[in-house]
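Open the model in your viewer and keep the selection panel at hand. This tour goes from one enclosed space to the next.

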2 protein chains.
Amino acid sequence: MTSDQTPAQRLPTLEDVAQVAGVSRATVSRVINNIRNVDPQLHKIVWDAVSTTGYVPNRAARSLVTGRTGSIALVVSEAENRAADDPFLGRFFSDPFFGRVVGGVLSVLRPSGVHLALTLAGDEDACAKVVADVRQGQVDGVVVLSLHPHDTLPRLLADAAVPAVLYGRPAAPMPISYVDVATYTGAKLAADHLAARGCQHVATISGSVDMPAGADRLHGFREAMAKQGVAYVPSYDGGFTHEGGERAMERLLAEHPETDGVFVASDVMAQGALAVLRDHGKSVPDDVAVVGFDDSSAALASRPQLTTVRQPVEDMAAEMARLLLARIDQRANRTTSVIFDPELILRASA
Amino acid sequence: MTSDQTPAQRLPTLEDVAQVAGVSRATVSRVINNIRNVDPQLHKIVWDAVSTTGYVPNRAARSLVTGRTGSIALVVSEAENRAADDPFLGRFFSDPFFGRVVGGVLSVLRPSGVHLALTLAGDEDACAKVVADVRQGQVDGVVVLSLHPHDTLPRLLADAAVPAVLYGRPAAPMPISYVDVATYTGAKLAADHLAARGCQHVATISGSVDMPAGADRLHGFREAMAKQGVAYVPSYDGGFTHEGGERAMERLLAEHPETDGVFVASDVMAQGALAVLRDHGKSVPDDVAVVGFDDSSAALASRPQLTTVRQPVEDMAAEMARLLLARIDQRANRTTSVIFDPELILRASA
DNA sequence: TGGAGGGCGGAGAGCGCTCTCCCTTTGTGC
DNA sequence: GCACAAAGGGAGAGCGCTCTCCGCCCTCCA
């Protein structure tokens with residue numbers, strides 16, 4: 001209509017919509033944000049104008065005045081003054097776990113229109129920057145995947161009292177929200193299953209015991225076995241890696257060749273353990289039954305496929321997002337924890 | 001100094017810094033953005049003021065005036081009117097590939113202070129929204145992981161002429177930048193290796209041949225084998241999945257039991273193929289040599305570990321980010337392709 | 001010594017939006 | 001019929017930043 005026939009040059013603004021609709025900017029804003037009552041007739045006129053102009057709100061402008069960005073960060077943190085070229089983060093990213101978390105978080109964020117920004121916090125500086133970012137409103141809150149028990153980020157976040165949710169219980173008690181899986185229950189599932197199979201000589205390959213997940217899975221398993229009347233369960237630390245699982249299984253077979261049932265605290269380690277068992281000519285599950293933990297894609301890729309304790313990663317990640325959004329919207333201002341029940345997935349290995 | 005002693009209430013702005021430094025807002029802005037020459041002495045004074053106030057620029061305000069957001073989106077796209085509850089995306093996210101791309105992209109983005117937003121484009125609407133987002137300046141550009149040959153997003157992006165870079169050559173020729181691996185070279189690496197081992201009966205398990213990666217790996221392999229004097233190479237479609245690899249290997253063994261060398265177009269399929277070979281009592285590599293493609297974590301998790309054609313995913317992802325940033329900064333305004341050379345990684349399977 | 005020119009800092013106008021205030025209109029009770 | 005309330009819409013002030021203009025001052029040359 002006007003002489004402004006240069007397409008893709010200037011984007012429609014609220015002002016343009018207002019002009020087309022014949023109302024004020026304020027009214028359009030009210031309609032779009034569903035604030036206060038607007039005459040239903042005007043309501044329709046405004047929406048029509050929005051679609052004819054092809055208007056989309058400008059995030060930056062909105063953020064500037066509301067002080068909210070409509071985006072949260074997924075922080076992968078492992079700050080413990082690790083060398084910059086340490087391949088640890090690289091290894092983490094190639095673990096399916098990361099992708100599953102992303103998928104879960106996005107499933108909640110997408111409907112609400114909130115953006116997900118990815119951030120790596122590899123050292124103390126980066127952690128400080130994450131905290132600064134959320135305090136300064138560059139993001140509205142953070143969802144944290146903390147990879148290391150001595151990671152300083154959870155503490156910083158708790159102290160700053162910013163909206164944040166952790167995946168997994170923090171290594172030390174602190175006022176911060178988190179989601180987790182009921183590890184003891186999961187370990188018990190594994191123990192009871194091995195006992196029910198009639199395993200007489202049960203052992204375990206644990207994760208790093210300085211991590212909550214590692215310690216809990218080990219203690220939970222021992223406790224459950226104790227309830228079954230088994231006073232002692234040999235354990236070997238596999239450090240949550242494939243190679244660690246192999247080494248642990250080698251030692252286990254050398255020191256306890258009578259073993260006929262193993263609870264391995266992660267599927268990735270279990271995959272390594274299975275390879276070693278095969279090399280030693282042990283049949284799984286007939287000679288040795290193996291139960292894993294996580295139900296990651298490694299469980300399906302293993303031969304035989306792993307019987308494992310399922311950790312509902314996607315659901316847990318989705319809950320993280322929900323908790324965070326609630327906190328940001330002030331619908332909840334207390335720290336909360338949500339614990340998920342694990343499930344025993346029966347496959348071929350036990 | 002002032003009565004504004006409420007901490008964590010109001011964040012320092014340019015104005016505050018200017019006041020502390022005793023200069024104007026404009027000068028502080030110039031110093032921070034390194035624009036024009038500013039007296040070196042003032043320069044220092046301003047930076048001192050910045051650190052005493054703890055000032056950090058407000059992204060939203062900056063975006064509003066510059067029209068740039070300082071963030072790009074990583075779009076995972078597979079729009080082909082797939083059902084919403086299709087588990088395909090979920091499977092994709094649990095593939096290590098995704099995480100490796102993220103890691104590569106972030107390695108470039110982090111130093112330049114650009115944020116990475118994650119986006120899923122699961123249907124046509126979502127694709128349109130992605131294009132709209134970048135046209136409307138919600139993000140400055142996109143890096144695309146397109147999972148399906150009939151995905152409409154690349155075409156939309158090319159038509160809109162917005163800053164975008166694809167991972168992998170588009171299924172149909174179009175003016176859009178991309179990075180890729182020299183597939184033919186990679187397939188030749190595999191073919192030559194199998195020939196050098198003395199394999200007499202070589203076959204291949206291909207990926208989906210309607211995807212460029214699938215077709216190229218198959219044709220490249222056949223061409224290279226032809227150069228070795230082998231006129232015909234049996235091929236079986238494994239669809240790029242673990243199970244597909246298993247099924248393809250079953251058929252291959254049934255129809256060509258004499259096979260002593262296989263090129264499998266992805267490590268994930270190769271892992272499935274290895275399991276089948278083991279079940280059939282075939283020794284790898286003595287009875288059958290297996291060469292994979294990708295060098296993903298599956299290659300290391302396989303038993304025996306896979307000899308495979310390495311696709312430098314992290315490097316390619318990093319290059320995507322570099323190309324995109326160059327395009328956004330107007331340093332490059334033509335579409336560009338960068339092709340990476342694959343490398344044969346020798347392990348136990350061939 | 002006067003004028004031109006360049007280097008450098010300040011003033012101020014917005015970017016597009018939300019939100020508070022205020023005004024108009026309409027409805028309601030006495 | 002009047003006072004008051006309530007509801008709906010408009011005007012306009014910013015949010016924090018960049019960037020264009022403008023003016024000052026210092027240098028250099030004629």
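Start with helix 14 of chain B. In this predicted model, that helix gives the most to the lining of the second largest cavity, with 3 residues. Select residues 313–328 of chain B to show helix 14. Then add strand 4 of chain B, residues 164–167. Strand 4 and helix 14 each supply at least two residues of this lining.

Now show the lining as sticks. Select B:Ala164, B:Val165 and B:Ser177. Add B:Leu323, B:Leu324 and B:Arg327. Finish with B:Ala332, B:Arg334 and B:Thr336. How much space lies in this second largest cavity? About 50 Å³. Colour the lining by class: 5 residues are nonpolar, 2 are polar and 2 are charged.

Next, zoom out. The structure holds 2 cavities of 30 Å³ or more. Move to the largest cavity, with a volume of about 140 Å³. Its lining has 14 residues. Which of them are closest to the centre? Select A:Arg278, A:Ala301 and A:Arg303 from chain A, then B:Arg278 and B:Ala301 from chain B.

Keep those sticks on and bring up the helices. Select residues 267–279 in chain A and in chain B; this is helix 12 of each chain. These two helices are the elements that give two or more residues to the lining of the largest cavity.

Last step: colour this lining by class as well. The residues divide into 6 nonpolar, 4 polar and 4 charged.

Conventions. Residues are numbered from 1 along each chain as its sequence is written. Chains are lettered from A and ligands numbered from 1 in the order in which they are written. This is a predicted model: local features need pLDDT of at least 70, side-chain atom pairs count only at pLDDT 80 or more; totals for chains, interfaces and linings use all residues. Side-chain values use heavy atoms; hydrogens and water are left out. On a 1 Å grid over the protein atoms alone, a cavity is a set of points where a 1.4 Å probe fits but cannot get out, and a pocket is an open set with protein on both sides within 12 Å along at least five of seven lines; lining residues have an atom within 4 Å of a point. Grid points are joined across faces, edges and corners, and a volume is the space filled by probe spheres set on the points. Helices (H or I, at least four residues) and strands (E, at least two) are DSSP runs, numbered from the N terminus. Ala, Val, Leu, Ile, Met, Phe, Trp, Tyr, Cys and Pro count as nonpolar, Asp, Glu, Lys and Arg as charged, and the others, Gly among them, as polar.
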